[in-house]
Amino acid sequence: MHTFGSPQKILFRHQNKEAESFYTLHGEEELPLYLCPKRGYIGITTTISFPSGGTIGSCNGIFCLRTKKGFTLCNPSIKRKLNMPEFPRRSESFSLQGIGFGFDPISDDYKIVRISYVKNHSFVYAVKSGTWCEIASPKHENQICSVQHDALFFNGVLCWVIHVYQTEPKDICICCILTFDLSTHVFGMIPLPTSNGHWITTGLTTIQGELYVLGALQLQPQPTNNDDLLLNTHSHGLQDYNRKTGVLSRVGDFNDASSLCYFYQCVETLHLLDMGETMGETEEL
């Protein structure tokens, strides 16, 4: 069932003038670079089924979405989805939580993790068993001030950017990476270099198998197979940067009535083929 050798695909989320989202799936060789305002996507006009909801993360071609009733896993390659229940307790604000999604290679299972750093209300959901299991919340000798909601999945480990209130040698809020091993259910902490005051850590990404920390002016860079980087910029939208030539090209909109909002890397896989149900066209969950 695993297809780790499958070619990379790019899922684009678009938005029309009515603020409605729709999705298109492309191979990297089909990356529609912006060459002419009137041309846009050349020969690619097909949208795909994809549930509406906040995307928590993706892994092996499976997307995890937060919905009104809980969570949904979906595989756009084969148009399958699997609905899952909300975590058992919802007593604290989302500003006091972190959520992540990834794959446990030891148990051969997908897992959703919800951590709380104020109360001991952290849980792991295993897709195979279909149950939530309560775990010990992350501990630190200093107070955790904030956790980014969405974790990056990297080599079997979920990684969150967090801020910790440090009292020694002086009162200061420092930035760290909180890790959670999906196989052992053990938390860890990776300190980040002290900021010079001009760097703002906004998230994490991977480039050529290595973990990178992102700054405010470099949002969601993702490498392609031809050594390009996809950049989601503030003022110029989605850009394709070729690291060999130094050429920066804009990724074209689907049509004049829409705009590109976000992108996700994925692979084509058969996961969820024997689970869940068929996805309808962009449905409300």
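In this predicted model, A19 is exposed, with a relative accessible area of 52%; that value is over 50%, so the residue counts as exposed rather than partly exposed. A19 is found in the loop between β1 and β2. Its backbone also deserves a look, since phi of A19 is near 65 degrees, a positive value in a residue other than glycine. The two strands on either side of this loop form a hairpin, with 4 residues between them.

A second residue invites the same kind of reading. D108 lies in the loop between β7 and β8, and its phi, near 55 degrees, is again positive in a residue that is not glycine. With a relative accessibility of 36%, D108 counts as partly exposed.

Stepping back to the whole chain, the secondary structure comes to 0 helices and 23 strands. Of the 285 residues, 48% count as buried. The protein exposes about 14,500 Å², and carbon and sulfur atoms supply 53% of this area. Among contacts between residues at least 6 apart in sequence, 48% join residues at least 24 apart.

How do these strands meet? Strands of a sheet pair through backbone hydrogen bonds, either parallel or antiparallel. Strand β1 (residues 8-16) offers a good place to start. β1 runs antiparallel to β2 (residues 21-27), and 7 bridges join the two; within this pairing, K9 has G27 as its bridge partner. β1 is also joined by 9 bridges to β22 (residues 258-267), once more in antiparallel fashion. Here H14 stands opposite L260.

Further along, 5 strands form an open sheet in the order β3-β4-β5-β6-β23, with antiparallel pairing. The edges of this sheet are β3 and β23 (277-278), each of which pairs on one side only. Inside the sheet, 4 bridges join β4 to the antiparallel β5, and F63 stands opposite C74 in β5.

Another open sheet contains 4 strands in the order β7-β8-β9-β10, and its pairing is antiparallel too. β7 and β10 (131-135) stand at the edges with a single partner strand each, so one side of each is left without a neighbour in the sheet. On average, neighbouring strands of this sheet are turned by 20 degrees against each other, direction ignored. Between β9 and β10, which run antiparallel, there are 5 bridges; Y125 stands opposite W132 in β10.

Which residues touch the most other members of the largest nonpolar core? They are F71, L73, F101 and I112, in a core of 19 residues. Seven named strands, β3 (54-59), β4 (62-66), β5 (70-75), β6 (80-85), β7 (97-104), β8 (109-116) and β9 (122-126), each supply at least two residues of this core. The largest share, 3 residues, comes from β7. Apart from this core lies another, of 15 residues, among them V113, I115, I162 and L178. Such grouping is a familiar theme: in soluble globular proteins, nonpolar side chains tend to be buried together.

The surroundings of L73 give a closer view of the core. Leaving aside residues up to four places away in sequence, L73 touches I62, F63, C64, R80, K81, L82, M84, F101, V127 and L272. F101 in this list is, like L73, among the residues that touch the most other members of the core.

Terms used:
Residues are numbered from 1 along each chain as its sequence is written. This is a predicted model: local features need pLDDT of at least 70, side-chain atom pairs count only at pLDDT 80 or more; totals for chains, interfaces and linings use all residues. Side-chain values use heavy atoms; hydrogens and water are left out. A nonpolar core is a set of buried Ala, Val, Leu, Ile, Met, Phe, Trp, Tyr and Cys residues joined through side-chain atoms within 4.5 Å. Buried means under 20% relative accessible area, exposed over 50%, partly exposed in between (1.4 Å probe, protein chains only). Contact means heavy atoms within 4.5 Å. Two strands pair if DSSP finds at least two bridges between them. Axes are lines fitted to C-alpha atoms, for helices over the stretch in contact, and angles run from 0 to 180 degrees between N-to-C directions. Accessible areas come from the Shrake-Rupley method with a 1.4 Å probe; for residues, only the protein chains shown count as cover.
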